[in-house]
Amino acid sequence: MARDAILALNGLTMQFGGLLAVDDLSFEAKRGDITALIGPNGAGKTTVFNCITGFYEPTSGAIRVNHADGKTFALEKLPDFKIAKRVHVARTFQNIRLFPGMTALENLMVAQHNVLMRASGFTVFGLFGLPGYRRAEREAVELARYWLEKTALTDRADDPAGSLPYGAQRRLEIARAMCTKPVLLCLDEPAAGLNPRESDELNVLLRAIQKESDASILLIEHDMNVVMEISNHIVVLDHGKKISEGAPEFIRNDPKVIAAYLGVEEDAVDAAEAEVGA
Amino acid sequence: MEYFLQQLINGLALGSIYGLVAIGYTMVYGIIGMINFAHGDIFMVGAFIALLAFLILVAIGVTAIPLALFLVLLIAMVLTSLYGWAVERIAYRPLRGSFRLAPLISAIGMSIVLQNYVQLAQGARVKTLPPLVTGVHTILDLGNRLVVQISNIQILIIATTFALMTGFSWLVASTSLGRDMRACEQDLKMAALLGVDTNKTISLTFLIGAALASVAGIMYLLYYGVIDFHIGFVAGVKAFTAAVLGGIGSLPGAMLGGLLIGLIETYWSAYFSVQYKDVAAFSILIVVLIFMPTGILGRPEVEKV
Amino acid sequence: MSASSAGKSSVVMHALKDALIAGIVAFGLFVLLLGFLADDTLGKLRPLPRPVLLAAAVGIVFVGRFLISLIYYNAAALRVLLGELFVAAFALAKRFRFVLLALMIVLAFVWIYRVPDDWPLVATIIITILFAVWLGLTPALLALAVLFPVAFYSNPYYLGIAIIILTYVMLGWGLNIVVGLAGLLDLGYVAFYAVGAYSYAIIAQAYGWSFWVCLPLAGLFAAFFGVLLGFPVLRLRGDYLAIVTLAFGEIVRIVLLNWISLTNGPNGIGSIPRASFFGIPFTADDDGFAARFGFEFDPTHRTVFLFYLILALALITNWVTIRLRKLPVGRAWEALREDEIAVRSLGINPTNTKLTAFAIGAMFGGFAGAFFATRQGFISPDSFTFPESALILAIVVLGGMGSQIGVAIAAIVMTASFELFREFEQFRLVIFGFAMVGIMIWRPRGLISSREPSVYLKERKTISAEHVAEGHG
């Protein structure tokens, strides 16, 4: 596996009873890239995400993450929270999972739990308000403030997350994931339910993350405007299998992809293309 | 050997009682996903109603035991199911759509109400009824006074349970009410959209569960001859254990779990210690929930992310 | 005119119909259990008819349902009227809150002075306290608590009740960590109370160590039990967890009943060493508290000391909880209550987080248990039954899960009313059970349902209840 691959899947298979949700899937995501995972509904994209982030234990196959310092992690046997804690893989959810009764700022503070926990001497020092912990907490608030600004949520910092409008909740979830200082950020349909202006803003945000942080991005998305505009590499899934992979330009014109999305046989697409002289 | 077989029979009789109560837990859990904590107390109410009905029948001159028992069965089933209905109507229906632990807390409240209501109405002391169904049959004689016996009351318990289970399985499998119940179990909202009267179905579920619990209450009364307002709590937890062990939501599972709990408890008392027999049942509950949360016949649940 | 009178009569008809149905159902429910008593005074069971009782019960249901229906069908108008009255009264009260409060306190003390043995006094005090909190004056509550023994020095009965109330405040606060903050429904909390009480009693008797050595040990033992139970079961979903904790509570009670050599079984442990004033016993001897400090001996000294002791313990529980909420572990608890899956996705170990909540909650339960043991001087398994767990849970639920002040008010109201209606043994428990149901129906988030954020950027805004989740699962 190439050293510059942040994430490498090899023969990933996930079976639920009789259903083969992901079938022998292999691909790599390069460090610093935005890699998109696309495919029709039910293609198994979210299942792949859940395997990567440890919410499911894959039936077979290998998932590797390479850190820049050369450490390699095997994710397929790690439980979810250890993947986030040790490997620094962060994620968002298709149906937003914020802590609705906590403020936006509190949401971002929870994300920095492990750092703060160490600083608070596993609660003991923190209980008596020792200066070391107070400094760490100030720093945590600063990091939160940075991401609140990036996601244009500073004004809503002290409002409960559940009271934010939908688009803001999506952004807050990304900000929360970024507060864990991830090397790999997995976004599950970040543009779902956003209006065109909001999804343009999302593009800007994701580009900024790509440029200014250490995080590489893996995203599932249906909004082709987002996918084609910002991703460096696209992997196409259908019925749990990889049917195509490449740069946006290539994918846009791949007949197999078109067939999968339009639900017609491949040769029918060929015939149609021949007809219009494509 | 003969001791072992004897305990097998005792355990099956006890397990039948648990199984009947367990069905109430499992049905309610299957349909609205809540633990009906007050169900054990419904069982206790059933036993008390049966006792009073029997005493009144004797007082007005119905002394033929088979007839009296039959009438007691009818009265207790009807009146106890009214309690099941009332509990659902008062304490659970207004909470549909509330947060998940709300019905459980409400059910605990209802359980406290029922226990203290019966204690207020009938006093705290135990009520003792002389055995009504007597007679034993020796089914195995090894000589030397080593015998395996089955009593008429044990036969009655096992036979009644078997009959009720058959009838009830038929009800769930082949009637329109059963179909509604199964639909509600799959998806309450969807069933409502398709025209199933979910409120009625849920009410009927509670009604049936309470009726079965009242039969268990009668059996308990006849088998042990002693009841008090407190029997519902421990029996309830054990029956719930049975439901979980068999796989909550599954009717044959509830019966199987009931029999297993009955057997385990009987053998534990026979071979280890009577004082700790409840500890055995409670420990099984904990162990099953941790290592086998779907039970023996339950469906696995996949966590939605 | 005619239309409205027709409307009125149909409302009455409707209400009558409802009442009739309710009456029939009530008759069915009560006909045997209330209508007859299985009487065994003559040695043999016989049914004793109680027609008057039956008629009264059915009548109450009938009339009650009739009135409720009447109100319900006229609900809109009634609600508007009541609502406006309430808002006006509230605004007025808020404007003059200090005057009102001062008035109430003066009134309360005048009353104490005039008729020291009158129970309405207690009611007045409680209302004062409620007022104080309602108007946002927590310090007033604290001041009242500190001054209580001074005011009631001559009345040890009230002091005793106050001590019981504070014990429940502490237990409520302890369980609040588990149920209110971490969202884990624990139905066996009394087990930790029992472990604390028994470990205190056994250690204090066996080794003769002082209260101040045994107290932390009892807390540690309870916390250890919390971890022991929590480790295997905390992976379970909400209601399963509830049942397992209930089973655990029962197991502890059964073991206490049967492990005769250690616990003396159902007879309990007596003559547990009493708390001393940091080594100085409350006795009439020459080296007793009174003699040493030059007072005349008075058994109330000990009661007053116990009062301040439990007040201090409760306040420590409160302080620790408030601190913990602002630490990462406390935020993780609340996050866990809101969404466990999201918590896991952020690299937080859910089991450890739950375990700390369980252990810390158990520890405070253990402290309260140790206090209970030293106050009573005698403990038996009868004090640690399931209804006790249910009472503590009801306090947390009624108070508003997660709210410290709400839990305190609920503990005061519940325990005080329990004490006041002591003569109505079971009846109060029936009411108590219905109250639990009623709270869930009308105010599932408790008295104080809003939440204070643990950290803020610009301004601290109270979070209204609608956004706050009450436990996953």
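These notes walk through a predicted model of a complex, chain by chain and contact by contact.

1. **Confidence in the model.** Since you are new here, let us start with how sure the predictor is. It gives the complex an ipTM of 0.86 and a pTM of 0.83. For chain C, the mean pLDDT is 81, and 85% of the residues reach 70 or more. Among the elements of that chain, helix α16 (residues 350-376) of chain C has the highest mean pLDDT, at 91, while helix α5 (residues 120-134) of chain C has the lowest, at 64. Please read residues 1-5 of chain C with care: their pLDDT is below 50, and this stretch has zero contacts in the model beyond near neighbours in sequence.

2. **The nonpolar core.** A good place to look next is the largest nonpolar core, which has 328 residues. Ala47(B), Leu52(B), Ile310(C) and Ile395(C) are the residues with the most contacts inside this core. Helix α7 (residues 156-181) of chain C supplies the largest share of the core, 16 residues. To see one of these residues in its surroundings, try Ile310(C): apart from its neighbours within four places in sequence, Ile310(C) is in contact with Ile163(C), Leu166(C), Thr167(C), Met170(C) and Phe371(C).

3. **Leu181(C), in helix α7 of chain C.** Leu181(C) belongs to helix α7 of chain C. Is Leu181(C) buried or exposed? Leu181(C) counts as buried, because it has 24 C-beta neighbours inside 10 Å. Setting aside neighbours within four places in sequence, its contacts include Asn176(C), Arg325(C), Trp333(C), Glu334(C) and Gly402(C). Leu181(C) and Ala204(C) are 23 residues apart along the chain, and their C-alpha atoms are separated by 33 Å.

4. **Where chains C and B meet.** This contact takes 49 residues from chain C and 54 residues from chain B. On the side of chain C that touches chain B, the elements giving two or more residues include α1 (2-33), β1 (36-39), β2 (46-49) and α19 (425-442) of chain C. The element that gives the most to this side is α10(C), with twelve residues. By residue type, the side of chain C that touches chain B divides into 37 nonpolar, seven polar and five charged.

5. **Chain B as a whole.** Chain B has eleven helices and four strands. Its C-alpha atoms fill a box of roughly 65 × 50 × 40 Å along the principal axes. How does its radius of gyration agree with that of a compact globule? With 305 residues, a compact globule would have a radius of gyration near 19 Å, and chain B has 19 Å, so the two agree. Of the 305 residues of chain B, 52% count as buried. Among contacts in chain B between residues at least 6 apart in sequence, 73% join residues at least 24 apart.

6. **A loop residue in chain B.** For a contrast in setting, find Gly97(B) in the loop between α3 (65-92) and α4 (101-122) of chain B. Gly97(B) counts as exposed because it has 6 C-beta neighbours inside 10 Å. The C-alpha atoms of Gly97(B) and Ala191(B) are separated by 16 Å, with their places 94 residues apart along the chain.

7. **The two domains of chain A.** The domain assignment of chain A gives domain 1 (1-88 + 182-278) and domain 2 (97-180). The C-alpha centres of these two domains lie 28 Å apart. Their contact takes 15 residues from domain 1 of chain A and eleven residues from domain 2 of chain A. On the domain 1 side, the elements that give two or more residues are α2 (80-87), β7 (184-188) and α8 (196-212) of chain A. The largest share, four residues, comes from α8(A). The residues of this side divide into ten nonpolar, three polar and two charged.

8. **Two backbone angles to check.** Most residues other than glycine have a negative phi. Asp24(A), however, has a positive phi, near 50°. Asp24(A) sits in strand β2 (residues 19-30) of chain A, and Asp24(A) is partly exposed because 14 other C-beta atoms lie within 10 Å. Lys181(A) also has a positive phi, of about 55°. Lys181(A) lies in the loop between α7 (166-178) and β7 of chain A. With 16 other C-beta atoms within 10 Å, Lys181(A) is partly exposed.

Note on methods
Residues numbered from 1 in each chain as written. Chains lettered and ligands numbered in written order. Predicted model: local features only at pLDDT ≥ 70, side-chain atom pairs only at ≥ 80, totals over all residues. Core = buried A, V, L, I, M, F, W, Y, C linked by C-beta atoms within 7 Å. Buried ≥ 20, exposed ≤ 12 C-beta atoms within 10 Å, placed from the backbone. Contact = placed C-beta atoms within 7 Å. Domains from an automatic or database assignment. Nonpolar A, V, L, I, M, F, W, Y, C, P; charged D, E, K, R; others polar. pLDDT = per-residue confidence, 0-100. Rg over C-alpha atoms; globule rule 2.2 N^0.38 Å.
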